[in-house]
Amino acid sequence: MTQTNRKTGERQILFEEETVAAVKSDFERRRAARRPFEAQWQLNENFALGNQHCSIDALGEVRDDERDYFWQERESFNHIASIVETRLAKLNRVRPVMSVRPASGDDCDVKTAKAASKILSSASAALNLDALLADGAVWSELTGSAFYKISWDENGGGRVGSIDGAPVFEGDVKIEVCSPYELYPDELTRSNIADCRSLIHARAVDVDDIESTYGVRVPPDGEARIVAPSMFSGGGGLSLSGTAQGVGGTDAGKSALVIERYTLPNKDNPSGEFVAVAGNRLLYYGDLPYVNGENETRTFPFVKQDSLKRAGCFFGQSMVERAIPIQRAYNAVKNRKHEFLNRIAMGVLTVEDGSVDLDNLAAEGLSPGKIIVYRQGGTPPRLMNPGDVPSDFSAEEDRLLNEFISVSGVSEIMRSSSVPSVATSGVALQLLIEQDDTRLSVTAELVRQAAREIGRQVLRLYKQFASRPRLTRFVGENGEVELMSFTASDIGCDDVVTPKTN
């Protein structure tokens, strides 16, 4: 090796080391800033699963709440699960029919818009966009936000030939649902993805997949677990720490943490910057890969879908977060009520000291036909008068059930398919159903916004990579299957719209 090549190699190694260190340091800063949100997400998931006797401690970790007494009832009467399921059932009916609006009334623009609409319809069916939106809705309802990663898969689409025996494909769009655990904005005060200057996507990936994608072999590492925190870290809870969330159940023992940092174009980098790091290796360094923004600019390949917007915050708010205090109060009322009923059913004995065998009485209780021997001259055991269950328990229980409805927006009609007694006519029932739909209209519109942005990015990726003629299949206006050949030049507009009545 010549001296010039040696110096070039040393500079390259130094550049890689500095880049890897900078990316990992940036990631650790963002991870520390986002930790309170992760604790809340884990708490939401626990309550939805029924692990409801837990809380966030002073260290920001989810811990099990210990019993105050050994006899204390700690059952969970899970109303949050039914609320989430009902909201998902309603949101899964929001399936936007996307079309492309022409740039003008010119015949050429109308023709290209119709062609783009057909391409988008075919791509949505091929990608199974409805199922992806349903998966995203689960994450958004539990944590407040879900993300979709829209990328280009070189191994997708139809096979066009082979090189040295290896198949060659035409490539196709790929959409992945990402949990909020995987995304790290540069600042948590950014309201939208478009407001960020850079975005980190960190996830656990199998080392074989890393080598196949980037051509670099990295050893497995324990850092892969940090993007898959235990759903419940306290005693007696459900733990998913052995599975990397959002990567299809990747074994953490065979995976490595891949950190991808996307930086928008600026004066120094007109095409943006994309850096991929795993372990201590630099997997990739270059421009942003996709021309997926407006006016043929490069931007983030992600779309965010919120359940409810949180003002001045990157991550949205979940309805579960609002219902947790009510669920805690409801569990407390029901458990105390059951403890009172247990006292009535089992009874509380008063026994004179030394008059009976306490060990035998404590072990066997007052079984039917039991003979109790007590000291001559002593006072026989007797049951205390427990009284009646206070009516306040039932009143508070009913009040909390009504609070569930007012806070979650899920009424008796939606949750239990029961008609309220106040609805005495079909018109009144229809008004109640319309009110339920209105309460979910904000979340439903956010689903439509995400679908529209996904459609725009899909068309832009086809425009960037579909240079050769491609054959697509779609359902025509009369319900008949039609075929159409297209290239990137046929996509002249990407103004995707959806009817609000859908």
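1. A residue is taken as buried when its relative accessible area is under 20%, and by that criterion 44% of the 502 residues of the chain are buried. The model is predicted, and the points that follow should be read as a description of that model.

2. On overall architecture, the chain holds 11 helices and 20 strands. Among contacts with a separation of 6 or more, 68% come from residues that lie 24 or more positions apart. The chain exposes about 26200 Å², and 50% of this area is supplied by carbon and sulfur atoms.

3. The largest nonpolar core has 63 residues, of which Tyr148, Ile150, Val173, Ile175, Ile454, Val458 and Tyr462 touch the most other members. Helix α11, spanning residues 441-465, gives the most to this core, contributing 7 residues. Apart from this core lies another one, of 21 residues, which includes Phe47, Cys54, Leu88 and Tyr330.

4. Ile150 deserves a separate look within the 63-residue core. Leaving aside residues up to four places away in sequence, Ile150 touches Val173, Lys174, Ile175, Tyr290, Pro301, Val303, Ile454, Gln457, Val458 and Leu461.

5. The count of aromatic pairs comes to 18. One of them joins Phe15 and Tyr285 in an edge-to-face arrangement, with 5.1 Å from centre to centre and 90° between the planes. Because Phe15 belongs to helix α1 (residues 3-49) and Tyr285 to strand β14 (residues 281-286), the pair ties together parts that are 270 residues apart in sequence. Phe15 is partly exposed, at a relative accessible area of 32%, and Tyr285 is likewise partly exposed, at 38%.

6. A further ring pair is formed by Trp152 and Phe465, whose centres are 4.9 Å apart and whose planes meet at 15°, so the pair is stacked. This pair also links distant parts of the chain, since Trp152 sits in strand β4 (residues 145-153) and Phe465 in helix α11, 313 residues apart. As to exposure, Trp152 is buried, with a relative accessible area of 11%, whereas Phe465 counts as partly exposed at 29% relative accessibility.

7. Ring pairs also link Phe37, Trp41, Trp139, Phe147, Tyr181, Phe314 and Phe315 into a cluster. Phe314 is, in addition, the ring over which the charged end of Lys304 sits, 5.4 Å from the ring centre. In another contact between a charge and a ring, the charged end of Arg34 sits over the ring of Tyr184, at 3.9 Å from its centre.

8. Towards the end of the note, Thr498 may be considered on its own; its place is in the segment after β20 (496-497). With a relative accessibility of 12%, Thr498 counts as buried, because the cut-off for that class is under 20%. The side chain of Thr498 is joined to that of Arg452 by a polar contact of 2.6 Å. Not counting residues up to four places away in sequence, Thr498 touches Pro96, Val97, Met98, Arg448 and Arg452, so that Arg452 appears both among these neighbours and as the partner in the polar contact.

Terms used
Residues are numbered from 1 along each chain as its sequence is written. This is a predicted model: local features need pLDDT of at least 70, side-chain atom pairs count only at pLDDT 80 or more; totals for chains, interfaces and linings use all residues. Side-chain values use heavy atoms; hydrogens and water are left out. Helices (H or I, at least four residues) and strands (E, at least two) are DSSP runs, numbered from the N terminus. Buried means under 20% relative accessible area, exposed over 50%, partly exposed in between (1.4 Å probe, protein chains only). Contact means heavy atoms within 4.5 Å. Accessible areas come from the Shrake-Rupley method with a 1.4 Å probe; for residues, only the protein chains shown count as cover. A polar contact is a pair of N or O atoms within 3.5 Å; within protein, one must be able to donate a hydrogen and the other to accept it, and residues adjacent in sequence count only if both atoms are side-chain atoms. A nonpolar core is a set of buried Ala, Val, Leu, Ile, Met, Phe, Trp, Tyr and Cys residues joined through side-chain atoms within 4.5 Å. Rings of Phe, Tyr and Trp (its six-membered ring) pair if their centres lie within 6.5 Å; planes under 30 degrees apart count as stacked, over 60 as edge-to-face and the rest as tilted. A charge sits over a ring if NZ of Lys or CZ of Arg is within 6 Å of the ring centre and within 35 degrees of the ring normal.
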